[in-house]
Amino acid sequence: MAGRRRRTRRVAAAACLLLASLSACGVPSAADTARRQVQQLLDRRAAAVLHHDPAAYAATGTRDPYANLSSVPFADLSYRVTGVHRSGGTATADAELRYRLAGYDDAPVTAGRTLTLATTASGGWYVTADRPATRSAQQLWDQGRVTVVRGRSGIVLGVGQSASALRGYAGLADRAVPAVSSAWDGDWSHHVVVLVPGSLQGMAALLGSRAADYRGIAAVTTGEAGSGGRAPADRIIVNPDAYGLLGPLGRQVVLTHETTHVATRAHTGAATPLWLSEGYADWVGYRTSGRTPEQAAPELARAVAAGELPDALPADRDFAFTGDASGLARAYEGGWMACRMIADRWGERRLDAFYRAVGAHDRRGGAVEDALHTVLGTTLDQFTAQWRQYLRDRLT
């Protein structure tokens, strides 16, 4: 009897293990089923965008975003569902959006999205809203219908902007790309993607930041730094409020400056100080402008004339958008003058080589010092002294 009971218990235990195995491996849970269904829904939604099929898009739920993004030239677009939170007949899905623009992106833009869903009469799902995830930036089509203008050297996507205004940005890009290519001897894509929202607030939303952080900043460049020879998904994002206050030369210098960041992105990393990355971009921007140091560096010129010669090259903290416009201008101007001095005294090729040598290091400590020694044959103390003298000579 005892042996029979033990065998019975063993059979019961085996049966329990088998049931557990079937539950875990062979029979999907309700959560797994919902996640699979939502993934299939979003796969169809993405395919409808790529195939320019508004009816198929509408069949997946709300059709409002389709009109906004239908003109965007996607090479590919996809969602990856990372979580589904169901509550009765509704659900919230967390997803990663990935997309590339045809002819421009080597690697995808990625963005967190939150989708709200409801059940259909047949028990399926449809999308009721698709918005940026918490702490994720907006995409341009979140702000309205996107208008696209192509130039020879780039593509401009805008919201709340006339086609004529966007063509103006495309013309600036067409002049910026060859200007950068003539200065920077590194390999790069030789084209740019420019985003023009309707306002400063729109720019900030594309960056996932506060509008106050970019007030007075005409444009910024986003992208992945130090990407091993490839610089995917760079975007030049314009602040139309500040850009509109610039004259023709200022607009061109800004677009050329930002295009330089696109070109040098693969060689800009953790070791690159802002005085070098921003100074080099300004150097390229002003390179053929004919502007003198006094004209291009007025804040620094006033400081030098007042006997306030800086003791050291600008620190990264000097480039922070803290509301001190004069201090920020002096930082940019100081970096520009340092790069201009290298080009004047060692030559433009050495300036490019110095930039790449600094960026090749994986950490900040010692990177500039090593590149100064190996590329320019000098030390940081000697270079700083030469730069201070250069400021005296050129700005007084």
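**Rings, helices and a strand residue**

Colleague: Let's start with Y280: buried or exposed?
Modeller: Bear in mind that we're looking at a predicted model. The relative accessible area of Y280 comes out at 0%, and the cut-off for buried is under 20%. So Y280 is buried.

Colleague: Which kind of aromatic pair do W184 and Y280 form?
Modeller: Their ring centres are 5.7 Å apart, and the planes make an angle of 75 degrees. Since planes over 60 degrees apart get their own class, the W184 and Y280 pair is edge-to-face.

Colleague: How many residues apart are the two partners in the chain?
Modeller: W184 sits in the loop between α5 (163-183) and β7 (192-196), while Y280 belongs to helix α9 (residues 274-286). The pair therefore links distant parts of the chain, and W184 is buried as well, at a relative accessible area of 2%. Along the chain, the separation of W184 and Y280 is 96 residues.

Colleague: Which residue puts its charged end over the ring of W184?
Modeller: W184 already has aromatic company, as one cluster takes in W184, Y280, W283 and Y355. On top of that, a charged end lies 5.6 Å from the centre of the W184 ring, where the cut-off is within 6 Å. The residue it belongs to is R356.

Colleague: Over to the helices: how are α12 and α13 set relative to each other?
Modeller: The axes of α12 (residues 325-345) and α13 (residues 348-359) come within 6 Å of each other and cross at roughly 130 degrees. That angle falls between the perpendicular range, 65 to 115, and the antiparallel one, over 145. So the two helices are oblique.

Colleague: And how many charged residues are in that contact?
Modeller: On the α12 side there are C339, I342 and A343, and they meet E348, L351 and F354 of α13. By class, five residues are nonpolar and none is polar. The charged count is one.

Colleague: What about E96: which residue, 16 places along the chain, has its C-alpha 4.8 Å away?
Modeller: E96 is part of strand β2 (residues 90-101), and at 23% relative accessibility it's partly exposed. Beyond its neighbours within four places in sequence, its contacts are S78, Y79, R80, T110 and A111. The C-alpha you're asking about is that of G112.

Colleague: Zooming out, what share of the contacts with a separation of 6 or more joins residues 24 or more positions apart?
Modeller: The protein chain has 15 helices and nine strands, and 46% of its 396 residues are buried. For contacts between residues 24 or more positions apart, the share is 62%.

How values were computed
Residues numbered from 1 in each chain as written. Predicted model: local features only at pLDDT ≥ 70, side-chain atom pairs only at ≥ 80, totals over all residues. Heavy atoms only, no water. Axes fitted to C-alpha atoms, helices over the stretch in contact; angles between N-to-C directions. Helix = DSSP H or I, 4+ residues; strand = E, 2+ residues; numbered from the N terminus. Parallel < 35°, antiparallel > 145°, perpendicular 65-115°, else oblique. Contact = heavy atoms within 4.5 Å. Nonpolar A, V, L, I, M, F, W, Y, C, P; charged D, E, K, R; others polar. Phe/Tyr/Trp six-rings, centres within 6.5 Å; stacked < 30°, edge-to-face > 60°. Buried < 20%, exposed > 50% of the residue type's maximum accessible area, 1.4 Å probe, protein only. Lys NZ or Arg CZ within 6 Å of the ring centre and 35° of its normal.
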